[in-house]
Amino acid sequence: MSFSSLEFLFIFLPAFMLLYGLSPKKIKNLTIAVGSIVFYCWGFYLIDVKSPFYIGIYTGLLIMAAMFSYIIGQFIQEYRRSRRFWLCFGIIINFLWLIFFKYLTFGTENINAIFGTDITVKRLILPIGISFYTFQNVSYITDVYREKSTPERSFINYFAYTAMFPQLIQGPIVRYRTVSAKLRNRTHSIKKVETGLRYFTIGLGYKVLIADQIGGIWHDISMIGFESISTPLAWLGIVGYSLQLYFDFCGYSLMAVGLGKLMGFELTKNFDYPYMSLTMTEFWRRWHMTLGTWFKDYVYIPLGGNRKGKLRMVLNMLVVWLFTGIWHGASWNFVIWGLLLFVIIMTEKLAIGNFLNKYKLFGHLWMILLIPLTWLVFAVSDMEQLAIYFKKLIPFAEYKYDFVFKEDYLKYWKIYRLYFIAGIIFSTRLPKRIYKKLRHTPFMAFILLAVFWISVYCIYKGANDPFMYFTF
């Protein structure tokens, strides 16, 4: 189920919050667990999975993965001599489920291509949120092993943590140790509810009023065909896609944080104005922050980080960025995207990073160029189409294709210019500074109410799309 759907806004969320508010303190986590299962099952209708059998299987996988990791955590604590075995066993089984559903088809296709075999595997429907809840389960058992967390004794509490519907499908990736105290004892107040609703409304506006609207230009270009667009429109398209991706995912994360506050939790911030970065290194400290810190704490540092010399650091970074690319999707463009980011970040670390940080104008120009180009690799999975688009970006290399009309970019700029302007402005800290000054005024309350109801109107008219990270 999408947060930006009428069913969620006017059926599920009011019903859940009513039941949650009426639930005694002792069963509030049970209410979260049951509500999250309902949310999860309902969510399959968004990807056109109507079969009760498949919905039951995937919901059972979610529960089984949580139960398995919960038990492994107990074993690590109880059986001290074999705790390393239980950790490795828990990590392997968790990732086996992820590999089976997400990468089996991709792997067999490449085996067939390399060895000329004819292995046929039915393309599986990817369980919603499996990449996110797998990482949370692995972080939990790893932290128990490292004695950074004590095992949760109540399975209801643990399941409420791993399946909590605000962060279940698209994150943020929440560490157990950051919410463990709140699972046992948390307070609720009118102020938290008000703050949560404000976060949720701002996120909804980011998603529906900016991301979904500016996303139309990428949809239009895809319908026209990459071979039939001009160079200015090609650049306009990937800038539009970059803004769409940011406001889509950042909007979801803000809504998740807001929903967490409604239930008394403080979920981790996931974005910190990444498009204001001076380097790609800084960008990935600010973008999808919970994923970046997960790879740092559970892959990069265990491999040795930068403690074993420069060559080892480079190899460790290569592993991290390969995993980052593959985590996002089972396609070669994601592998190439991860490798491209690795090359850029290593270039900054070993050569030009200090210069870009010192001379901010050059840093911003560097990122204005690289952000859209890297997201283009992320967006286009067909290698031939990707090559065509890159050639379209070069002004004097129009390739062998003709564009529909030479001033196509003027037409699309006229249609989408307000969304581009809004996207650029809200990518900066300026709106936040204004919001902080006015947030307790009737004027800001009016603005947020307007944002909510205009968003609802757009959703009602069908002017919104599923979240872009929904299938990761």
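This is a short talk on the overall form of one protein chain and on some of its individual residues.

Good morning. Please keep in mind throughout that the structure shown above is a predicted model.

Let me begin with the chain as a whole. Its secondary structure consists of 19 helices and 0 strands. Measured out along the principal axes, the C-alpha atoms occupy a box of roughly 65 × 60 × 50 Å. How does the radius of gyration of the protein chain compare with that of a compact globule, and what does each come to? For 472 residues, a compact globule would have a value near 23 Å, and the protein chain has 23 Å, so the two agree.

Next, consider burial and contacts. Of the 472 residues, 52% count as buried. If we take the contacts between residues at least 6 apart in sequence, 76% of them join residues at least 24 apart. The surface that the protein chain exposes amounts to about 22,400 Å², and carbon and sulfur atoms supply 68% of that area. As for charge, there are 49 positive and 25 negative side chains. The centres of these two sets lie 13 Å apart.

I now turn to helix α2, which covers residues 28-43. Two of its residues will serve as examples, S36 and V34. Is S36 buried or exposed? S36 counts as buried, because its relative accessibility is 1%, and the cut-off for that class is under 20%. Leaving aside residues up to four places away in sequence, S36 touches A163, M164, F165 and L168. V34, by contrast, is partly exposed, with a relative accessible area of 46%. The C-alpha atoms of V34 and E78 are separated by 29 Å, although these residues are 44 apart along the chain.

Separation along the chain and separation in space deserve a further look. L410 belongs to helix α17, residues 408-426, and at 41% relative accessibility it counts as partly exposed. How far apart in space are L410 and L233, which are 177 residues apart in sequence? From C-alpha to C-alpha, L410 and L233 are 8.2 Å apart.

P127 offers another such case. This proline lies in the loop between α4 (83-115) and α5, and it is buried, with a relative accessible area of 1%. P127 and Y58 are 69 residues apart in sequence, yet 5.9 Å apart in space, C-alpha to C-alpha. Which residues does P127 touch, when those up to four places away in sequence are not counted? They are Y40, Y58, L61, F101 and Y133.

Let us move to the backbone. Most residues other than glycine have a negative phi, and most peptide bonds are trans. Against that background, three places in this chain merit attention.

The peptide bond that joins G171 and P172 is cis, with omega about 5°. P172 itself is found in the loop between α7 (165-168) and α8 (176-184).

E147 has a positive phi, near 65°, and is not a glycine. Its position is in the loop between α5 (130-145) and α6 (155-163). E147 is exposed, with a relative accessible area of 53%.

H288 also has a positive phi, near 45°, in a residue other than glycine. H288 sits in the loop between α11 (280-286) and α12 (289-300). Is H288 buried or exposed? At 0% relative accessibility, H288 counts as buried. E147 is thus exposed, whereas H288 is buried.

Finally, I come to the cysteines. How many disulfides does the model contain? The count comes to 0. C458 shows the reasoning for one residue. A disulfide requires two cysteine sulfur atoms within 2.5 Å. The closest cysteine sulfur to that of C458 is in C250, at 19 Å, which is too far for a bond. C458 counts as buried, at 13% relative accessibility, while C41, at 23%, counts as partly exposed.

To close, I would ask you to retain two points from this predicted model. The chain has 19 helices and 0 strands. Residues distant in sequence can also meet in space, as P127 and Y58 do, being 69 residues apart in sequence and yet in contact. Thank you for your attention.

Methods. Residues numbered from 1 in each chain as written. Predicted model: local features only at pLDDT ≥ 70, side-chain atom pairs only at ≥ 80, totals over all residues. Heavy atoms only, no water. Buried < 20%, exposed > 50% of the residue type's maximum accessible area, 1.4 Å probe, protein only. Helix = DSSP H or I, 4+ residues; strand = E, 2+ residues; numbered from the N terminus. Rg over C-alpha atoms; globule rule 2.2 N^0.38 Å. Contact = heavy atoms within 4.5 Å. Areas by Shrake-Rupley, 256 points an atom, 1.4 Å probe, with all protein chains shown as cover. Lys, Arg positive; Asp, Glu negative; His and termini not counted. Charge placed at Lys NZ, Arg CZ, Asp CG, Glu CD.
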